[in-house]
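Biologist: I have the sequence and the fold open side by side, and I'd like to go through them with you. Could you take my questions as they come?

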Amino acid sequence: MSEKRSYGLIATPWTTALLGCFAQPKESLDICLCAPCSISRQMKAIEGQQDTFDPEWCCASLVCGACASACLRQRVVTKYGLDETLPMTIGIAWCCAACSLCQTWRELSGRGANPGLTVFRHAEAQYQAMS
């Protein structure tokens, strides 16, 4: 039996599939509508700051979204010891950026990091205020 290792630890699989965007369509749409905002929120969630916007990461994402997406994905892989090599991380982030961002969002949310939402967050707050 061979064990896959990541940084000396036994690597664990992702908790959701890369193409699992339709499991949470509202959240996936929110991430795709404002990917730079989502990247900034996910970066802060990795650092332990839940539901927080980071203007620096948002701007970096506007300059090179694929680079920021790859950096985000690698941080999630490293933080949780996920079974993914660096070339896989870069390839997924560059070729399937939207699915990659949705998967990292689901991974962080599922582990209690709560990156929060952008577009639908405000819509829900307005709806609740009207109720």
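Biologist: Which residues is Glu107 in contact with, leaving aside its neighbours within four places in sequence?

Modeller: Bearing in mind that this is a predicted model, Glu107 is in contact with Trp14, Thr15, Thr16, Val76, Tyr80 and Leu82 once those sequence neighbours are left aside.

Biologist: And where does Glu107 sit, and is it buried or exposed?

Modeller: Glu107 belongs to helix H6, and it counts as buried because its relative accessibility is 0%, where the cut-off for buried is under 20%.

Biologist: You listed Val76 there, so what else does Val76 touch?

Modeller: Not counting residues up to four places away in sequence, Val76 touches Trp14, Ile46, Leu82, Thr104, Glu107 and Leu108. Val76 is also one of three residues, with Leu72 and Leu108, that touch the most other members of the largest nonpolar core, which has 21 residues.

Biologist: Which elements give two or more residues to that core?

Modeller: Those are helix H2 (35–46), helix H4 (65–80) and helix H6 (97–110).

Biologist: Tyr80 came up as well. What sits over its ring?

Modeller: The charged end of Arg111 does, at 4.3 Å from the centre of the Tyr80 ring.

Biologist: How many aromatic pairs turn up in the whole structure?

Modeller: The search over the whole structure comes back with zero aromatic pairs.

Biologist: Let me switch to H5. Which of its residues are buried?

Modeller: In helix H5, which runs over residues 86–95, the buried residues are Thr89, Ile92 and Ala93. Looking down the axis of H5, these buried residues fall within an arc of 95°, so they line one face of the helix.

Biologist: What covers them, and what is on the face turned away?

Modeller: The cover over the buried residues of H5 includes H4 and H6, while the face turned away from the buried side carries the exposed residues Pro87, Trp94 and Cys95.

Biologist: How does H1 look on the same points, buried residues and the face turned away from them?

Modeller: Helix H1 covers residues 25–33, and its buried residues are Glu27, Ser28, Asp30 and Ile31. Seen down the axis of H1, they fall within an arc of 160°, so here too they line one face of the helix. Pro25 and Leu33 are the exposed residues carried by the face of H1 that is turned away from its buried side.

Biologist: I'm also curious about Cys32. Where is it, and how exposed?

Modeller: Cys32 is found in helix H1, and it counts as partly exposed because its relative accessible area is 44%, which lies between the limits of 20% for buried and 50% for exposed.

Biologist: What is the distance in space from Cys32 to Ala97, and to Ala98?

Modeller: From C-alpha to C-alpha, Cys32 and Ala97 are 9.4 Å apart in space and 65 residues apart in sequence, whereas Cys32 and Ala98 are 6.2 Å apart in space and 66 residues apart in sequence.

Biologist: And Ala97 itself, what is it in contact with beyond its neighbours within four places?

Modeller: With those neighbours left aside, Ala97 is in contact with Ser69 and Ile92. Ala97 lies in helix H6 and, at 30% relative accessibility, counts as partly exposed.

Biologist: On to backbone angles. Which residues other than glycine have a positive phi?

Modeller: Asp51 is one of them, with phi near 50°, and Asn114 is another, with phi near 45°.

Biologist: Where are those two in the fold?

Modeller: Asp51 is in the loop between H2 and helix H3 (55–63), and Asn114 is in the loop between H6 and helix H7 (119–130). Asp51 counts as partly exposed at 30% relative accessibility, and Asn114 likewise counts as partly exposed at 33%.

Biologist: Last, the overall picture: what is the order of elements, and how much is buried?

Modeller: Along the sequence the protein chain follows the pattern β-β-α-α-α-α-α-α-α, which comes to seven helices and two strands, and 42% of its 131 residues count as buried. Among the contacts between residues at least 6 apart in sequence, 74% join residues at least 24 apart.

Conventions. Residues are numbered from 1 along each chain as its sequence is written. This is a predicted model: local features need pLDDT of at least 70, side-chain atom pairs count only at pLDDT 80 or more; totals for chains, interfaces and linings use all residues. Side-chain values use heavy atoms; hydrogens and water are left out. Helices (H or I, at least four residues) and strands (E, at least two) are DSSP runs, numbered from the N terminus. Buried means under 20% relative accessible area, exposed over 50%, partly exposed in between (1.4 Å probe, protein chains only). Contact means heavy atoms within 4.5 Å. A nonpolar core is a set of buried Ala, Val, Leu, Ile, Met, Phe, Trp, Tyr and Cys residues joined through side-chain atoms within 4.5 Å. The arc is that of the directions from the helix axis to the C-beta atoms. Rings of Phe, Tyr and Trp (its six-membered ring) pair if their centres lie within 6.5 Å; planes under 30 degrees apart count as stacked, over 60 as edge-to-face and the rest as tilted. A charge sits over a ring if NZ of Lys or CZ of Arg is within 6 Å of the ring centre and within 35 degrees of the ring normal.
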